[in-house]
Amino acid sequence: MQLLLDLTRPQLRELVQTWGQPAYRGNQIYEWLHKNLVTDPQQMTNLSKALRTRLAATARLSPLELLRQIDSKDGLTRKALFRLPDGNTIEVVLMLYHHRRTVCISTQVGCGIGCTFCATGQGGLARNLSPGEIIAQVHWFERWLRQEDEDRSLRVQRPSRMTNVVVMGMGEPLANYDALIQALHAIADPDTFALSARNITVSTVGLIPMIDRLRQENIPVRLAVSLHAPNNRLRNQLVPINKRYPIPALLAACHRYQEETGRRITFEYALMAGINDAPQQAEQLADLLADLRSHVNLIPLNPIPNSPYQPTPEVQAQQFQAILEQANITTTMRMRRGVEISAGCGQLRQAAQQPDIAPLIRKS
Ligand code: SAH
Ligand code: SF4
């Protein structure tokens, strides 16, 4: 079955024309999908009954089936595990920070990059997600936010709108480049979903040629780079693809991105006890970033099974942060948020694959 969200507006116009319909019907369907977020052709009330029936018989409107959903105790984070039509599963997380409603989306089933501390990386890559499978994740939570129902389990005032999208779920977004770009254009389209590109962040392990391509797209998203180490020797161990795209070349690509887009670059740094959290390493990191407008996101590691890495204790994490701040580098520290719901990259999916873990739930 054809997933309609995989089609761009021109492709949808072409499709309906092959069915003997005028092209503007394609525009109407596009708006039902991307603006009204409908998942049932019968809701497309300005289409003929025959066309609705044809859509229902030949096309899929949503590829996501909710398998599990869990909320953090503080009511600020909700994590959902979805099944795709081919049986693969992906994770999506909604986070509430102050007035922001941020959805964290996946771009691949698994990941082929193999960072040594990452749950997603451990399982390898199953496949890329299609553009529509990426878009549907944003739509799913947006639909939920818009609904006025009695579900008060998360601390969100509804109806409300999504304010931010971060591409930091499962997978390496820049390794699924074309699907990612199509999806980002769809959610940033001012005529439909209309989320500002400024409120979209793409997190990458640092695929330099793709960062250079992204810089030239007409979609000025914020770039986050998963650094995790202040020198090549250590980064080669934690993020093996560093051997191909080492730190100096990666930072040069970040400079180019910043010059083109004018945007501050975020660096992600997962603090691991005794590995990358010494004061000298904080100084080395500050030196590396000295001539870039940057922001460092310090994340205490979410430990994963069968891994030697453990999170840095809070006091040391704060010392590390203070050294960066003294060097005039702005930082945030996401203290263990969502840890109890396995909100680390790929962790819910991994847990779900273990039969001894009881189904986690709320209502679906
Ligand atoms: N592949 C992309 C985006 C997905 S991972 C990337 O690597 O940037 C999102 C972020 O979670 C990355 O910064 C990643 O390094 C980090 N991450 C992965 N496993 C983690 C863990 N166990 N604890 C803390 N952060 C982790
Ligand atoms: Fe892939 Fe990112 Fe995990 Fe590395 S950290 S294995 S790039 S998802």
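# Exercises on a predicted model

The side chains of Arg-78 and Asp-71 form a salt bridge, with 2.7 Å from N to O. The model behind these exercises is predicted.

**Exercise 1.** Determine whether Arg-78 and Asp-71 are buried or exposed.

*Solution.*
- The cut-off for buried is under 20% relative accessible area.
- Arg-78 has 0% relative accessibility, so Arg-78 is buried.
- Asp-71 has a relative accessible area of 12%, so Asp-71 is buried.

**Exercise 2.** Place the salt bridge of Arg-83 and Glu-65 in the fold, then classify the burial of each partner.

*Solution.*
- The N to O distance between these side chains is 3.2 Å.
- Arg-83 sits in strand β4 (residues 77-83) and Glu-65 in strand β3 (residues 65-71), so the pair ties together parts 18 residues apart in sequence.
- Partly exposed runs between the 20% and 50% limits.
- Arg-83, at 33% relative accessibility, is partly exposed.
- Glu-65, at 41%, is partly exposed.

**Exercise 3.** Work out how the salt bridge of Arg-215 and Asp-212 fits its helix.

*Solution.*
- The side chains meet at 3.1 Å, N to O.
- Both residues belong to helix α7 (residues 208-216); they are three residues apart, so about one helical turn separates them.
- An α-helix has 3.6 residues a turn, so residues three or four places apart point the same way.
- Arg-215 is buried, with a relative accessible area of 15%.
- Asp-212 is buried, at 16% relative accessibility.
- Elsewhere, salt bridges with shared partners join Asp-86, Arg-127 and Glu-133 into one network.
- The count of salt bridges comes to 11.

**Exercise 4.** Characterise the interface of domain 2 and domain 3.

*Solution.*
- Domain 2 covers 62-202 and domain 3 covers 227-336.
- Their C-alpha centres lie 24 Å apart.
- In contact are 12 residues of domain 2 and 15 residues of domain 3.
- The buried area is about 1100 Å², and carbon and sulfur atoms give 60% of this area.
- Thr-116, Phe-117 and Arg-198 supply 51% of what domain 2 buries against domain 3, more than any other three residues.
- Zero salt bridges cross this interface.
- Three residue pairs are in polar contact.
- On the domain 2 side, the touching residues are eight nonpolar, three polar and one charged.

**Exercise 5.** Describe how helix α2 is covered.

*Solution.*
- Helix α2 spans residues 24-34, and nine of its 11 residues are buried.
- Among the buried residues are Arg-25, Tyr-30, Trp-32 and Leu-33.
- The buried residues pack against α1, α3, α5 and α6.

How values were computed
Residues are numbered from 1 along each chain as its sequence is written. Chains are lettered from A and ligands numbered from 1 in the order in which they are written. This is a predicted model: local features need pLDDT of at least 70, side-chain atom pairs count only at pLDDT 80 or more; totals for chains, interfaces and linings use all residues. Side-chain values use heavy atoms; hydrogens and water are left out. Domain bounds come from an automatic or database domain assignment. Contact means heavy atoms within 4.5 Å. Buried area is the accessible area (1.4 Å probe) that two parts lose on being put together, summed over both. A salt bridge is a side-chain nitrogen of Lys or Arg within 4 Å of a carboxyl oxygen of Asp or Glu. A polar contact is a pair of N or O atoms within 3.5 Å; within protein, one must be able to donate a hydrogen and the other to accept it, and residues adjacent in sequence count only if both atoms are side-chain atoms. Ala, Val, Leu, Ile, Met, Phe, Trp, Tyr, Cys and Pro count as nonpolar, Asp, Glu, Lys and Arg as charged, and the others, Gly among them, as polar. Buried means under 20% relative accessible area, exposed over 50%, partly exposed in between (1.4 Å probe, protein chains only). Helices (H or I, at least four residues) and strands (E, at least two) are DSSP runs, numbered from the N terminus.
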